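Q: I have a model open here and would like to talk through how its parts pack together. Could we go over it piece by piece?

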Amino acid sequence: PPRSTLFPYTTLFRSQLSPPAARKQVVGLPTWMWTTASRTTWNTRRATAAVRGESVTATARPSSIVWSMGDGQTVTCSGPGTPYSSRYGAHATSPTCGYTYASPSSTATGGRFSVTATTTWRVSWAGAGEQGALTVHRSTTVRVLVDEAEALNS
C-alpha cells in the first residue's frame, strides 16, 4: 500500500511488552502492553489534499488497541497503555493495559504465542461539499515465549 501523511507505515505503530517479546513471559506474572505515544503513533493526525481548487481534509484519531494474546484471549485498551518502569516492581500489574498468562506457550505452533496488537483509527473527512467517516485498522505481531517458573520448597 502507498504511504501517506495520514498513516505513514514505517512509524505508525510500535507495540511493546514488558517483559520484552525477546525474553520469556512467565505464567502468572503480569505482562505490560503499550505503544509509545508519539506524533505518528497515538496522536490525532490531519492531512489535506488539494486538486484544481478543491481540497479535502482528513482527521484520524486512535480510539483503541485490541491485543490478541495468542492463547485465545484478547485485551482491549482504550489508550496507548503505560510503559513499564522498574520502579513499579516485577509483580505489579499495568494500571492501563496488561495481561497475565494462565498457561505456557509450549503447545502453540513453534512453542510461542503470536501476539497481535491492532490499533483502531476513526477517520473523518470533509471537503468539496462532501463529508464522511471510516475506520482504519493497523496491526503488528510479535511472537512470545511463555514459560512456567518452578519453585522449590525446603
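Q: Leaving aside neighbours within four places in sequence, which residues is M69 in contact with?
A: Taking contact as heavy atoms within 4.5 Å, and skipping those sequence neighbours, M69 touches M33, V75, Y99, Y101, F113, S114 and V115. This is a predicted model, where local features need pLDDT of at least 70, side-chain atom pairs count only at pLDDT 80 or more, and totals for chains, interfaces and linings use all residues. Residues are numbered from 1 along each chain as its sequence is written, and side-chain values use heavy atoms, with hydrogens and water left out.

Q: And which members of the largest nonpolar core touch the most others?
A: That core has 16 residues, and M33, W67, M69, V75, Y101 and V144 have the most contacts with other members. A nonpolar core here is a set of buried Ala, Val, Leu, Ile, Met, Phe, Trp, Tyr and Cys residues joined through side-chain atoms within 4.5 Å, buried being under 20% relative accessible area, exposed over 50% and partly exposed in between (1.4 Å probe, protein chains only).

Q: Different topic: how many salt bridges does a search of the whole structure find?
A: One, counting a side-chain nitrogen of Lys or Arg within 4 Å of a carboxyl oxygen of Asp or Glu. The side chains of K24 and D147 form it, at 3.2 Å from N to O.

Q: Are those two buried or exposed?
A: K24 is partly exposed at 47% relative accessible area, and D147 is also partly exposed, at 31%.
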